[in-house]
Amino acid sequence: MLPLISAILPTLNSVIARVAPDKDAEQKIKAELLAAIIDSENDFNKAAAQIITAEAQGESWLQRNWRPMLMIWFAVLVGAYWFGMTPPNLSEDRIGDLFQLVQIGVGGYIVGRSGEKIAKQLKP
């Protein structure tokens, strides 16, 4: 969502600058817009975290493990590329996309596990 917001923000700022009666009003509108964007992004992230938590606590083995299995598959595809065993229908751009997904997945896992450990220590 952030790339979309980043793309339209300059246009929104120029519209605000044209319609605002003065600089103070312009700055106030821009600040409110930015606050609304941040709140929206926070709400989206909270919802995503709740979905992942629900999956991780699910009763089904597949429900709990489909994301890690998918990350392993992506990592295998990236590793195959490094060893010269890329499937013929997998372009270098797709390999770059897969590598980004692996980086995000591993980063999210590390942050999540660190958060769990910290939360356990903070519990009374």
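Visitor: At 59% relative accessibility, does Trp82 count as buried or exposed?

Guide: The class follows from relative accessible area, with over 50% taken as exposed. In this predicted model, Trp82 has 59% relative accessibility and therefore counts as exposed.

Visitor: How does Phe99 count at 32% relative accessibility?

Guide: Values between under 20% and over 50% are called partly exposed. Phe99, at 32%, is therefore partly exposed.

Visitor: How many aromatic pairs does the structure hold?

Guide: It holds one aromatic pair. The ring centres of Trp82 and Phe99 are 5.7 Å apart and the planes meet at 65 degrees, so this is an edge-to-face pair. Planes over 60 degrees apart receive that label. The pair links distant parts of the chain, with Trp82 in helix 3 and Phe99 in helix 4 (residues 92–122), 17 residues apart.

Visitor: What span should the 22 residues of helix 3 have, and how far apart are its end C-alpha atoms?

Guide: The expected span is 1.5 Å times one less than the number of residues. For helix 3 (residues 61–82) that gives 32 Å, and the end C-alpha atoms are 31 Å apart, so the two agree.

Visitor: Where does helix 3 bend?

Guide: Helix 3 bends by about 35 degrees at Arg67, and Pro68 follows within four residues.

Visitor: What is found at the start of helix 3, and what follows the helix?

Guide: At the start, a side-chain oxygen of Ser60 comes to within 3.2 Å of the backbone nitrogen of Leu62. After helix 3 comes Gly84, with a positive phi near 75 degrees.

Visitor: Which residues of helix 3 are buried?

Guide: An α-helix has 3.6 residues a turn, so residues three or four places apart point the same way. In helix 3 the buried residues are Phe74, Leu77, Val78, Gly79 and Ala80.

Visitor: What do the same readings give for helix 2?

Guide: Helix 2 (residues 23–56) has 34 residues and should span 50 Å; its end C-alpha atoms are 49 Å apart, which agrees. Its buried residues are Glu26, Ile37, Glu41 and Glu55. At its start, a side-chain oxygen of Asp22 lies within 3.2 Å of the backbone nitrogen of Asp24.

Visitor: How many helices and strands are there in the protein chain?

Guide: There are four helices and zero strands, giving the pattern α-α-α-α along the sequence. Of the 124 residues, 13% count as buried. The chain exposes about 9900 Å², and carbon and sulfur atoms supply 65% of that area. Among contacts with a separation of 6 or more, 30% come from residues 24 or more positions apart.

Conventions:
Residues are numbered from 1 along each chain as its sequence is written. This is a predicted model: local features need pLDDT of at least 70, side-chain atom pairs count only at pLDDT 80 or more; totals for chains, interfaces and linings use all residues. Side-chain values use heavy atoms; hydrogens and water are left out. Helices (H or I, at least four residues) and strands (E, at least two) are DSSP runs, numbered from the N terminus. The bend at a residue is the angle between axes fitted to the seven residues ending there and the seven starting there. Buried means under 20% relative accessible area, exposed over 50%, partly exposed in between (1.4 Å probe, protein chains only). A polar contact is a pair of N or O atoms within 3.5 Å; within protein, one must be able to donate a hydrogen and the other to accept it, and residues adjacent in sequence count only if both atoms are side-chain atoms. Contact means heavy atoms within 4.5 Å. Accessible areas come from the Shrake-Rupley method with a 1.4 Å probe; for residues, only the protein chains shown count as cover. Rings of Phe, Tyr and Trp (its six-membered ring) pair if their centres lie within 6.5 Å; planes under 30 degrees apart count as stacked, over 60 as edge-to-face and the rest as tilted.
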